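Work through the exercises below with the sequence and the model open beside you. Try each task before reading its solution.

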Amino acid sequence: MTGKPHDASAPSPLAEDLRRQPQDFSLVLGGPLFQLLRRAHMSGDALELVRRRAIALSLFAWLPLLLLSALQGRALGGKVAVPFLRDVDVHVRFLVVVPLLVLAELVVHQRMRFVVRQFAERNLIPANATSRFDSAIASAFRLRNSVLAEILLIAFVFLVGIQILWRHQGALATPTWYAEPTATGMTLSLAGIWYAYLSIPLFQFLLLRWYFRIFIWARFLWQVSRSDLRLVPTHPDRVAGLGFLAITANAFVPLAVAHGAMLAGMIADRIFYLGKGLPDFKLAIAVILVFVLFLVFGPLLVFAARLAQANRTGILEYGTLAERYVREFDAKWLRGGAPADEPFVGSGDIQSLADMGNSFEVVRTMRMVPITRQAVVQLVVATLAPVAPLALTMMSLEELLKKLLGILL
């Protein structure tokens with residue numbers, strides 16, 4: 001008994017399923033925390049209830065700090081240099097950044113769920129590479145849903161994030177509502193205990209989970225880029241048909257704003273309580289800016305080699321085609337090869353010559369990465385926007401407006 005012959009050009013079952021249900025591919029619909037939030041009725045199957053989730057996580061991290069610091073007389077003043085209600089960094093982290101990290105999940109899910117479908121719809125994946133494409137998708141799903149991955153993230157938070165990074169880099173070296181520096185280290189207050197072992201770990205876990213998701217995205221794109229993609233050098237997007245990947249930058253705008261706000265909170269505390277100035281943080285601002293740009297656009301760089309190869313091949317192939325056409329045009333219209341009764345004015349050969357030139361120009365000016373200037377500017381503005389108000393620590397609002405008007409006018 002023989003079955004039906006396999007159609008080599010037919011899409012694989014998983015690729016076909018993605019065409020029908022693109023929402024099934026998501027960087028954020030999975031993992032133990034997602035399942036826990038669903039069971040706690042703080043998230044739906046498609047990340048609904050984002051407001052409830054953001055408020056609950058923010059209050060879990062922030063409200064006990066207010067109550068415990070008030071209980072010990074450290075909310076408004078007391079003997080500490082940095083009372084709780086005047087600690088800009090802690091309010092920004094838990095009342096601004098945490099909700100942004102939660103909101104970013106919904107935005108990324110809604111705006112990126114159609115991206116993977118584009119590989120199939122644009123016929124970028126050849127028939128002999130569909131199994132590899134399916135394997136890349138399945139591998140991304142396994143990593144996204146991994147229990148072990150989130151356990152390792154939690155372990156990293158407590159072993160490295162708290163004990164090393166926060167204690168030695170993040171904590172202020174002055175008496176605060178959460179700790180007092182001593183010769184042997186820091187003595188935590190009641191609020192400081194909650195802060196160090198519950199609030200900060202929650203914040204760092206949410207942040208690290210985002211980095212892990214972007215790693216999954218980069219790994220998936222790298223696996224796809226290793227296939228013999230059917231790139232078209234004359235595609236008008238000037239990246240051989242991969243231009244749709246540039247829209248992913250728009251999905252990560254809330255994440256960029258979150259990083260800018262996190263930096264602004266840290267700088268504000270050091271300006272207000274350690275006597276620093278905004279210019280002292282030029283390097284930190286530049287580092288965060290480069291980091292965010294790499295975080296979002298880094299995964300797209302995996303296509304650079306494929307695009308460079310497509311560009312070289314396109315220049316040779318379309319150059320050969322153009323050579324053949326212009327020689328025939330030359331022989332016909334300049335060397336007397338045209339029929340006597342064929343008019344030159346209105347001939348389609350002229351338009352074809354122009355079209356050939358335009359096609360070759362598209363190939364010649366191809367970009368080597370699917371990144372646009374507009375996307376870069378959008379992320380830069382989103383990252384720097386939370387830091388911009390700190391310019392008021394250097395000059396009055398009136399002076400700042402005069403300088404801005406002077407620049408613009």
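## Exercise 1: A salt bridge across the sequence

Glu180 and Arg74 form a salt bridge, with 3.2 Å between the closest N and O atoms. A salt bridge here is a side-chain nitrogen of Lys or Arg within 4 Å of a carboxyl oxygen of Asp or Glu. The model is predicted: local features need pLDDT of at least 70, side-chain atom pairs count only at pLDDT 80 or more, and totals for chains, interfaces and linings use all residues. Residues are numbered from 1 along each chain as its sequence is written, and side-chain values use heavy atoms, with hydrogens and water left out.

Task: State where Glu180 and Arg74 lie and how far apart in sequence the parts are that they tie together.

Solution.

Step 1. Find the elements. Helices (H or I, at least four residues) and strands (E, at least two) are DSSP runs, numbered from the N terminus.

Step 2. Glu180 belongs to strand E1 (residues 179-182), while Arg74 sits in the loop between H3 and helix H4 (88-112), so the pair ties together parts that are 106 residues apart in sequence.

Step 3. Classify the two residues. Buried means under 20% relative accessible area, exposed means over 50%, and partly exposed is in between (1.4 Å probe, protein chains only). Glu180 has 32% relative accessibility and therefore counts as partly exposed. Arg74, at 16%, counts as buried.

## Exercise 2: Two further pairs

Task: Say where the partners lie in the salt bridge of Arg209 with Glu105 and in that of Arg117 with Glu121.

Solution.

Step 1. In the bridge between Arg209 and Glu105, the closest N and O atoms are 2.6 Å apart. This pair links distant parts of the chain: Arg209 is in helix H8 and Glu105 in helix H4, 104 residues apart.

Step 2. Arg209 has a relative accessible area of 4%, so Arg209 is buried. Glu105 is also buried, with 7%.

Step 3. The side chains of Arg117 and Glu121 meet at 3.4 Å, N to O. Both residues lie in helix H5 (residues 115-121), four residues apart, which is about one turn of the helix.

Step 4. Arg117 counts as buried because its relative accessibility is 19%. Glu121, at 40%, counts as partly exposed.

Step 5. Place the pairs in context. The count of salt bridges comes to ten, and Glu105, Glu150, Arg209 and Arg213 are linked in a network of them.

## Exercise 3: The second largest cavity

Task: Describe the volume of the second largest cavity and the residues that line it.

Solution.

Step 1. Fix the term. On a 1 Å grid over the protein atoms alone, a cavity is a set of points where a 1.4 Å probe fits but cannot get out; lining residues have an atom within 4 Å of a point. Grid points are joined across faces, edges and corners, and a volume is the space filled by probe spheres set on the points.

Step 2. The whole structure has four cavities of 30 Å³ or more. The second largest holds about 70 Å³ of space.

Step 3. The lining of this cavity includes Leu27, Leu143, Glu150, Arg209 and Arg213. Helix H6 (130-144) and helix H8 (190-225) are the elements that give two or more residues to this lining. H8 supplies the largest share, four residues.

Step 4. Sort the lining residues by type. Ala, Val, Leu, Ile, Met, Phe, Trp, Tyr, Cys and Pro count as nonpolar, Asp, Glu, Lys and Arg as charged, and the others, Gly among them, as polar. The lining of the second largest cavity then divides into five nonpolar, two polar and four charged residues.

## Exercise 4: Positive phi

Task: What is phi near in Leu49 and in Asn123?

Solution.

Step 1. Recall the background. Most residues other than glycine have a negative phi.

Step 2. Phi of Leu49 is positive, near 60°. Leu49 lies in the loop between helix H2 (32-39) and H3, and is partly exposed with a relative accessible area of 36%.

Step 3. Phi of Asn123 is also positive, near 55°. Asn123 is in the loop between H5 and H6, and is partly exposed at 42%.

Terms used. On a 1 Å grid over the protein atoms alone, a cavity is a set of points where a 1.4 Å probe fits but cannot get out, and a pocket is an open set with protein on both sides within 12 Å along at least five of seven lines; lining residues have an atom within 4 Å of a point.
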